[in-house]
Amino acid sequence: MERNLNVAFVGGGSMATALIGGLVKGGLPPESIHVVDPVAAARTHLADAFGVSTAEAPCKRLGRCDMVVWAVKPQHLAVAAVQAASFTANALHVSVAAGVDVATLQRWLGAARVVRAMPNTPALIGMGITGLFAADEVSANDRSQVEMLVASTGRFVWVSEERLIDAVTAVSGSGPAYVFYVMESMVRAGVEMGLSNQQAAELVGATVAGAAALAAQSNEPLESLRARVTSRGGTTFAAIESLQSAGLQQTFIDAMWAANRRAADLSAQQATRQ
């Protein structure tokens, strides 16, 4: 990260905290970071933890920032953007607010250089992945700055069409919840079979972490990795056959399409706001 870069965050919640922590760890001086948040406790926490400057509302300090990261809830973004617009027209804007498209952000902000980012919660421990889409006005150098911002929380993927941000939302943005749901079911089954909750949770946690690491390190398709531990007539075969009989794979696909459609609906709703 360029040490002379000035970055502002509007919203000082968990995702902003993760990004700020990554920037400071990466060498950006705390005095180059400014946070706007109406909640006093959030401002105090960030100032104490990282030594950054904070403010309750947008002020002239925003005007000195090269990049503004919008980390507020979507329903609060319109008001926050209007309040800050007079200070930030020349900045590069990065929004992590779900369901607000680039055209709407440009209209609210009165700025052209806008990037949408869809992170997921593992970003809080530096193991996330973020989907990114840039407006046409965003330069190659702007993209590099955004990449340095999100790289502090994990990996990133650029998509070429804005509609694909809805797919990113469905696959990775909401994805951790699907994994947790499966883990809950596995733990519950283990407890029903006689394991303690602690034992079942430890077994499931290690299994999911190990399987994910194995998949990441392997060049084989996921189907091949699954088949390797699914001997016909064996215990895994019995479990997979039960899942397939219940139509679980199609249920998962349908669920992710539901998330995709909901993301598109939210974008359409936000686009109608003034």
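These are brief notes on a predicted model, covering two annotated domains, one helix and a surface patch.

1. N-terminal annotation. An unreviewed UniProt entry places "domain: Pyrroline-5-carboxylate reductase catalytic N-terminal" at residues 7-99. In the model, that span is 41% helix and 20% strand. Its end C-alpha atoms lie 23 Å apart.

2. Dimerisation annotation. UniProt, again in an unreviewed entry, gives "domain: Pyrroline-5-carboxylate reductase dimerisation" for residues 162-265. Here the chain is 82% helix and 0% strand. The end C-alpha atoms of residues 162-265 are 14 Å apart.

3. Helix α11. This helix runs over residues 248-271 and has 24 residues. From first C-alpha to last, α11 reaches 35 Å. That is close to the 34 Å expected at 1.5 Å a residue.

4. Buried side of the account. Which residues of α11 are buried? They are A259, N260, A263, S267 and Q270. These buried residues pack against four helices and a strand by name: α3 (74-88), α4 (102-109), α6 (164-173) and α7 (175-192), plus β6 (114-118).

5. Nonpolar surface patch. V182, M186, L243, L248 and F252 form a nonpolar patch on the surface. Together they have about 350 Å² of accessible area. Helices α7 and α11 are the elements that give two or more residues to the patch.

6. L243 in the patch. L243 lies in helix α10, residues 235-245. Why does L243 count as partly exposed? Its relative accessibility is 40%, and partly exposed means between the 20% limit for buried and the 50% limit for exposed.

How values were computed. Residues are numbered from 1 along each chain as its sequence is written. This is a predicted model: local features need pLDDT of at least 70, side-chain atom pairs count only at pLDDT 80 or more; totals for chains, interfaces and linings use all residues. Side-chain values use heavy atoms; hydrogens and water are left out. The expected span of a helix is 1.5 Å times one less than its number of residues. Buried means under 20% relative accessible area, exposed over 50%, partly exposed in between (1.4 Å probe, protein chains only). Contact means heavy atoms within 4.5 Å. UniProt positions are given in the numbering used here, feature names are shortened, and annotations may be inferred rather than shown by experiment. Patches are made of residues with over 30% relative accessible area and no salt bridge: like charges are joined within 9 Å, nonpolar side chains (Val, Leu, Ile, Met, Phe, Trp, Tyr) within 5 Å. Accessible areas come from the Shrake-Rupley method with a 1.4 Å probe; for residues, only the protein chains shown count as cover. A salt bridge is a side-chain nitrogen of Lys or Arg within 4 Å of a carboxyl oxygen of Asp or Glu.
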